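Ready for a short set of exercises? Have the viewer open and try each task before reading its solution.

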Amino acid sequence: MSKPLIGVLAVQGAFIEHEHILSALGAEVVELRQAADVTNDLDGIVLPGGESSVQGKLVRELGMFEPLRALINQDVPVLATCAGMILLASEVTQGIGSGANSSTGNATDNSSFDAEPAANDPAAPPYFATIPMSVKRNAYGRQLGSFATAGNFGDFENVQMTFIRGPYVESVGDDVQVLATVNDNIVAVRYKNQLAMSFHPELNSDTRIHEMFLSFVN
Ligand SMILES: NC(=O)CC[C@H](N)C(=O)O
């Protein structure tokens, strides 16, 4: 079988780390930077972490929004991490530390992982809205937003989970499978062809989640 071709959205955020893991696992990787990169040849799509409102805006401006949504709706497998999970949610709410009145915090400089969508911005959430779920951005606040833990992810035990100003899932619709929770909050789901999580599996050496994603790819 030829190598699966995985398109990694590469407009902003932590995309390189996904590319390294997928290449090491035997996939061919193409960076999605413009509309022409989004083709029917893609066997899978990765939506990386970063800043969801910047990504959402760029994806529209670069003409990738409709073709990407079409592929997702055609059941092309998707791996979405953190900001990527926000892009897939049918509803997005703002958590602690979001918004004009929020505290700015100073614990870490994770500015590329956090910004506020402008009111009435046509690029504001929801974005692809291909998973029926409500996701809360910056759900852990700015000061406590970055932490690491370990837990179960579906059948996988002891999965390292690195959170960087991550969201969590407040509620899920029918047929959305919950794969992981941390402190009773949902942090990973599967819905049909889409795997989405609040944390960053690409920042740890454990490749089980990427292997699971590749197992969805024909
Ligand atoms: N690590 C991340 O991807 C952070 C997500 C970011 N805080 C957002 O709301 O888009």
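Four exercises follow, each with a worked solution.

**Exercise 1. Get an overview of the fold and of the confidence in it.**

Solution. Keep in mind that this is a predicted model. Start with secondary structure: the protein chain holds five helices and twelve strands. Next, look at packing: of the 218 residues in the protein chain, 54% are buried. Among contacts with a separation of 6 or more, 72% join residues 24 or more positions apart. Turn then to the surface, where the protein chain exposes about 9400 Å², with 46% of that supplied by carbon and sulfur atoms. Finally, check confidence: the average pLDDT is 91, and 88% of the residues score at least 70. Take care with residues 99–109, though, as the pLDDT there is below 50. That stretch has twelve contacts in the model beyond near neighbours in sequence. For the complex, the predictor gives an ipTM of 0.96 and a pTM of 0.91.

**Exercise 2. Find where the annotated binding-site residues sit.**

Solution. First, list the positions: an unreviewed UniProt entry places the feature "binding site" at G50, E51, S52, R137, I164 and R165. Second, compare sequence with space. These residues span 116 residues in sequence, but no two of their C-alpha atoms are more than 12.8 Å apart, so they gather at one spot. Third, look at the largest cavity: from this set, its lining takes in G50, E51, S52, R137 and R165.

**Exercise 3. Take two members of that set, S52 and I164: in which elements do they lie, and are they buried or exposed?**

Solution. Begin with S52, which belongs to helix α2 (residues 52–61). The cut-off for buried is under 20% relative accessible area; S52 has 2% relative accessibility, so S52 counts as buried. Leaving out residues up to four places away in sequence, S52 touches A83, I86, L87, Y127 and R137. One of these, R137, is also on the UniProt list. Now move to I164, found in strand β8 (residues 156–164). With a relative accessible area of 11%, I164 is buried too.

**Exercise 4. Describe the surroundings of H200.**

Solution. Locate H200 in the loop between β12 (194–197) and α5 (208–216). Then check accessibility: the relative accessible area of H200 is 0%, so this residue is buried. Next, inspect the side chain, which makes a polar contact with the side chain of E202 at 2.7 Å. Lastly, collect the neighbours: setting aside residues up to four places away in sequence, H200 touches G49, C82, F113, T162 and I164. Here I164 links back to the binding-site annotation, where UniProt includes I164.

Methods: Residues are numbered from 1 along each chain as its sequence is written. This is a predicted model: local features need pLDDT of at least 70, side-chain atom pairs count only at pLDDT 80 or more; totals for chains, interfaces and linings use all residues. Side-chain values use heavy atoms; hydrogens and water are left out. Helices (H or I, at least four residues) and strands (E, at least two) are DSSP runs, numbered from the N terminus. Buried means under 20% relative accessible area, exposed over 50%, partly exposed in between (1.4 Å probe, protein chains only). A polar contact is a pair of N or O atoms within 3.5 Å; within protein, one must be able to donate a hydrogen and the other to accept it, and residues adjacent in sequence count only if both atoms are side-chain atoms. Contact means heavy atoms within 4.5 Å. Accessible areas come from the Shrake-Rupley method with a 1.4 Å probe; for residues, only the protein chains shown count as cover. pLDDT is the predictor's confidence in each residue, from 0 to 100. UniProt positions are given in the numbering used here, feature names are shortened, and annotations may be inferred rather than shown by experiment. On a 1 Å grid over the protein atoms alone, a cavity is a set of points where a 1.4 Å probe fits but cannot get out, and a pocket is an open set with protein on both sides within 12 Å along at least five of seven lines; lining residues have an atom within 4 Å of a point.
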